[in-house]
Amino acid sequence: SPLGIVDPNNLNNFDLGLTTDEIAEAGQLLAGAAIKGKFIVASLGTKLPLKDWGIENWKQLLAALSREQPGLALVLLGSTDETARREALLESWSGPRAHFCGRTSPRVSAALLHKAALFIGHDSGPMHLADAVGTRCVTIYSAQAPPGQWFPSGAGHANLYPYSFYDPLLTHDPDHQRLAISIIIIDEVLAASRL
C-alpha cells in the first residue's frame, strides 16, 4: 500500500529494465543457433508434476504447429534437468530450433522472451518473465491454483484452465490434477498458438 495504486494491466509497472548487455547476449545466442526471423519460446517442463500437460501432448502440439508454420523457429527455455524431454521435443519440430535450457540467466531469458513472437508453456517462471516483457502467452494450467491467480496480466493471452475442476480441497491430489489438465486438448492449444 505505500506504493499507492498499481495497475496490473500497465506493463510499465513490470518493466525489468533489461540492460543493453543482456539484450545483446540474447541476440548472440539466437545468432549462434542460426535463429533468424520470427520465433516462439516454449518452456515445457515444470517443477510440480501436478502442472505437467505431458510430453506426448507437447510433441503432438509442436509437430502440428511446425507443420502449419514451417518458417517459424522454436526456442526452448528451461532447466538443465530437462535434457531427455528437451531432445524428444526438439525432434518434433520440423523448422529451425534451438535450446537454451540451463544456459541463460533469468534476465537473459527475459531478453530472449522479449524478442519472441509468442510464449507457450505451463504456469511457470518463464511464463511470468514473458508476461513482464510484453510477450503474448499461451499457458496451460492444471486446477492446482485458483483460476486467475497466476494468469499473465494484460490482454491478448490465452489462459487454458480447467475451470470446472477447481476444488480447494483437491489442489494437491495428483489424480484429480492429472484429470483436470488432461481436458485441455491439443487442438485448443494449437488454435490459441497460431500467429
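How do strand 2 and strand 3 pair, and over how many bridges? Let me start there, everyone. Strand 2, residues 73–76, runs in the parallel sense with strand 3, and the two pair over three bridges. If you want a spot to click on, take Leu74, which stands opposite Arg97 in strand 3. Before I go on, please keep in mind that this is a predicted model.

Now let's step back to the whole sheet. That pair belongs to an open sheet of six strands, with parallel pairing and the order 3-2-1-4-5-6. At the edges stand strand 3, which covers 97–99, and strand 6, which covers 158–160; each has a single partner strand, so one side of each is left without a neighbour in the sheet. On average, neighbouring strands here are turned by 15° against each other, ignoring direction.

What packs on this sheet? Helix 7, residues 186–193, does, and it touches strand 4 (118–122), strand 5 (137–140) and strand 6. The direction of helix 7 makes about 165° with that of strand 5.

Stay with helix 7 for a moment, please, as it has a helix partner too. Helix 2, residues 55–68, packs with helix 7 at an angle of about 40°, and their axes are 10 Å apart. An angle of 40° is neither under 35 degrees nor in the 65 to 115 range, and helix 2 and helix 7 are therefore oblique to each other. The crossing of helix 2 past helix 7 is right-handed. From helix 2, the contact uses Asn57, Gln60, Leu61, Ala64, Leu65 and Glu68, while helix 7 brings Ile186, Val189, Leu190 and Ser193. Sorted by class, the residues of this contact are six nonpolar, three polar and one charged.

On to helix 4, residues 106–115, and two of its contacts. The first I'd like to show is with helix 1, residues 20–32: the axes come within 8 Å and cross at roughly 70°. That makes helix 1 roughly perpendicular to helix 4. Helix 1 passes helix 4 in a right-handed crossing.

Which residues of helix 1 and helix 4 meet? On the helix 1 side you'll find Glu22, Ile23, Glu25, Ala26, Gly27, Leu29 and Leu30, and on the helix 4 side Arg107, Val108, Ala111, Leu112 and Lys115. That contact has seven nonpolar, one polar and four charged residues.

Next comes helix 4 with helix 5, residues 125–132. These two pack at about 55°, and their axes are 9 Å apart, so helix 4 and helix 5 are oblique to each other. Here again the crossing is right-handed. Pro106, Ser109, Ala110 and Leu113 of helix 4 make the contact, together with Pro126, Leu129 and Ala130 of helix 5. By class, that gives six nonpolar, one polar and no charged residues.

Last topic: aromatic rings. The structure holds five aromatic pairs, and I'll show you one of them, Phe151 with Tyr161. Is this pair stacked or edge-to-face? The ring centres are 6.0 Å apart and the planes stand at 65°, so the pair is edge-to-face. Phe151 sits in the loop between strand 5 and strand 6, and Tyr161 in the loop between strand 6 and helix 6 (174–182). The two residues are ten residues apart, and the pair links distant parts of the chain.

That's my tour. Thanks for listening, and I'm happy to take questions!

Key
Residues numbered from 1 in each chain as written. Predicted model: local features only at pLDDT ≥ 70, side-chain atom pairs only at ≥ 80, totals over all residues. Heavy atoms only, no water. Axes fitted to C-alpha atoms, helices over the stretch in contact; angles between N-to-C directions. Helix = DSSP H or I, 4+ residues; strand = E, 2+ residues; numbered from the N terminus. Parallel < 35°, antiparallel > 145°, perpendicular 65-115°, else oblique. Left-handed = near helix turned anticlockwise from the far one by under 90°. Contact = heavy atoms within 4.5 Å. Nonpolar A, V, L, I, M, F, W, Y, C, P; charged D, E, K, R; others polar. Pairing = 2+ DSSP bridges. Phe/Tyr/Trp six-rings, centres within 6.5 Å; stacked < 30°, edge-to-face > 60°.
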